[in-house]
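Trainee: I'd like to learn how to read charged pairs in a model. Can you walk me through it?

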Amino acid sequence: MAIHNITDSALLVKKSRRTIQRYIANGKLTTVRDTLGKPQIDTTELIRVFGSLSKVSQKIIAKKSQNVAGKLSKKNNTINLTPDELEDIITRAVEKALSKAIPLLIEHKNTAPIPEPIIATTPVVHRKRKPILPINRPSIPKKKERKNGYAAAFGLPNVITEVIHLQIMKLHGEGLTSREIEKEVSVSLASIQRAINVST
């Protein structure tokens, strides 16, 4: 019988295209692929699943296929053939092609060289790699500054001892600025200002 695409099949059974696609996906309808890979459904398959086909739809599809054949014949100056005649021509062409191809394939099979099997002469020995040892670098301990208990008690920088702190306060009491005190005492300006702020 005839083979139809999904649109024509839906028209024949009075269902939507989506319903036909769902039946195909669920395996209720079997399809055949055409040369372009599009699904085609045989009429007998439609009758098996849905029962009788719509008479009106059959006429519409028959007219549609006649119009397509007529347009093709006008464009290409070809001969109009019925589907049975076309199928017969295709069958004969395939048989003729196979009758020529099969002897060539058999002849090629007989004359083709048989590859020799590859036999290992010596076993392959894989060398084990030496493990990569991590580089051991000696760790250099950081010099720890000795804690100055006096500075820690007052929240001062560690460089300020009790003696330096008293000297800074004495010079500050005499009215010297932080910069002038820095020249007298060997401590940074920031440490001097911190000592003054803590003491006042």
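Mentor: Sure. A salt bridge here is a side-chain nitrogen of Lys or Arg within 4 Å of a carboxyl oxygen of Asp or Glu. Side chains of opposite charge can pair when their charged atoms come close. Keep in mind that this is a predicted model.

Trainee: How many salt bridges does that rule give?

Mentor: The count is two. Take D88 first: its partner is R92, with 3.1 Å between the closest N and O atoms.

Trainee: Where do D88 and R92 lie?

Mentor: Both are in helix α5, which covers residues 83–111. They are four residues apart, about one turn of the helix.

Trainee: Are D88 and R92 buried or exposed?

Mentor: In between. D88 has a relative accessible area of 41%, so it is partly exposed. R92 is at 49%, so it also counts as partly exposed.

Trainee: And which side chains make the other bridge?

Mentor: R48 and E45, with 2.4 Å from N to O. That pair sits in helix α3 (residues 43–50), three residues apart, about one turn of the helix. R48 counts as exposed because its relative accessibility is 54%. E45 is at 11%, so it counts as buried.

Trainee: What about nonpolar side chains on the surface?

Mentor: There's a patch made of L81, L86, I89, I90, V94, L98, I102 and I106. Together they have about 690 Å² of accessible area. One of them, L98, lies in helix α5, and at 46% relative accessibility L98 counts as partly exposed.

Note on methods: Residues numbered from 1 in each chain as written. Predicted model: local features only at pLDDT ≥ 70, side-chain atom pairs only at ≥ 80, totals over all residues. Heavy atoms only, no water. Helix = DSSP H or I, 4+ residues; strand = E, 2+ residues; numbered from the N terminus. Buried < 20%, exposed > 50% of the residue type's maximum accessible area, 1.4 Å probe, protein only. Patch = residues over 30% accessible without salt bridge, like charges linked within 9 Å, V, L, I, M, F, W, Y side chains within 5 Å. Areas by Shrake-Rupley, 256 points an atom, 1.4 Å probe, with all protein chains shown as cover.
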